[in-house]
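Q: Please take a close look at how one pair of neighbouring helices packs together in this model. After that, go on to the cysteines and to any unusual backbone angles.

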Amino acid sequence: YVAASLANLLTCFLDQRQLALPALRERLTRLAQGPRMPITIWWALLDDIQQACPDEAALGLQIGSCAQPHHIGVLGYLAMYSDTVGQALMRFSRFQPLLHNLAPSILSQQDGQFIIGWGIGALKSTQLSDDVVSAGLAGFARQLTGNPEVKASAVYYPHPAPADMTPYLQFYGCPVYIHSPVSALHLPFAITSLPNNRQEPHPTS
């Protein structure tokens with residue numbers, strides 16, 4: 001499953017792109033009223049948006065860049081009220097089942113990098129969904145530090161290379177590796193000690 005609040009993230013993207021899609025919007029509104037949705041429905045919703053935006057390059061990155069803390073419900077508020085960025089990331093990992101339960105997150109430190117990744121679950125996630133999650137996390141790192149220049153050191157995907165890597169390299173501003181055993185985001189460890197710059201939750205209206 002995934003948290004039903006993620007339906008609001010997709011609505012936010014539709015608003016940003018000024019896409020009508022009334023049937024999809026109605027479905028998203030209904031889904032957002034529950035606590036969670038099957039992950040297969042989440043994947044199907046992303047596919048529906050993909051069909052509506054066939055020319056959108058790296059669609060998952062564009063959707064993920066819309067992510068705000070309230071889009072991930074309680075988990076977002078736990079991160080918002082953390083004292084440091086590192087504490088927020090630790091809470092994100094610990095309470096990840098509030099967001100999804102496809103595969104547990106894996107935290108580690110290596111060569112001055114803070115690494116958050118996911119193993120392979122019983123079901124294999126789609127690249128579109130993985131793009132949304134990775135882009136959302138990269139955006140949260142910037143929001144929590146209050147520094148738009150903060151970026152990942154490296155991004156890893158367990159998927160084949162997309163037709164065009166350029167949007168990925170431009171979005172992340174760092175190397176992007178494919179065919180990885182796990183999905184992972186590497187962040188400079190120094191940012192984990194920075195104070196959380198976002199103490200007030202994003203309005204939900």
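A: What follows starts with the helix pair and then turns to single residues. The model is predicted, and the values below are computed from it.

Two packed helices are described by the angle between their axes and the distance between the axes. Here the pair is α2, residues 22-32, and α3, residues 39-52. Their axes come within 12 Å and cross at roughly 155°. An angle over 145 degrees counts as roughly antiparallel, and α2 and α3 are therefore roughly antiparallel to each other. The crossing of α2 past α3 is left-handed.

The residues that meet can be named. On the α2 side they are Leu 24, Arg 27, Leu 28 and Leu 31. On the α3 side they are Ile 41, Leu 45, Asp 48 and Ile 49. Sorted by class, this contact has six nonpolar residues, two charged residues and no polar ones. Arg and Asp count as charged, while Leu and Ile count as nonpolar.

Past the helix pair, the loop between α3 and α4 (59-64) holds Ala 58. The phi angle of Ala 58 is near 50°, a positive value in a residue other than glycine. With a relative accessible area of 15%, Ala 58 is buried, because buried means under 20%.

A positive phi also turns up at Asp 111, again near 50° and again in a residue other than glycine. Asp 111 lies in the loop between β3 (105-110) and β4 (113-118). Its surroundings can be put in terms of accessibility: Asp 111 has 72% relative accessibility and counts as exposed, because the exposed class begins over 50%.

The cysteines come last. The structure holds zero disulfides. A disulfide needs two cysteine sulfur atoms within 2.5 Å. For Cys 53, the closest cysteine sulfur is that of Cys 66, and it is 11 Å away, so the two are too far apart for a bond. Cys 53 has 7% relative accessibility and counts as buried. Cys 174 is in no disulfide either, and its nearest cysteine sulfur, also that of Cys 66, is 20 Å away. Cys 174 has 9% relative accessibility, which counts as buried.

Technical notes. Residues are numbered from 1 along each chain as its sequence is written. This is a predicted model: local features need pLDDT of at least 70, side-chain atom pairs count only at pLDDT 80 or more; totals for chains, interfaces and linings use all residues. Side-chain values use heavy atoms; hydrogens and water are left out. Buried means under 20% relative accessible area, exposed over 50%, partly exposed in between (1.4 Å probe, protein chains only). Axes are lines fitted to C-alpha atoms, for helices over the stretch in contact, and angles run from 0 to 180 degrees between N-to-C directions. Helices (H or I, at least four residues) and strands (E, at least two) are DSSP runs, numbered from the N terminus. Angles under 35 degrees count as roughly parallel, over 145 as roughly antiparallel, 65 to 115 as roughly perpendicular and the rest as oblique. A crossing is left-handed if the near helix is turned anticlockwise from the far one by less than a right angle, and right-handed if clockwise. Contact means heavy atoms within 4.5 Å.
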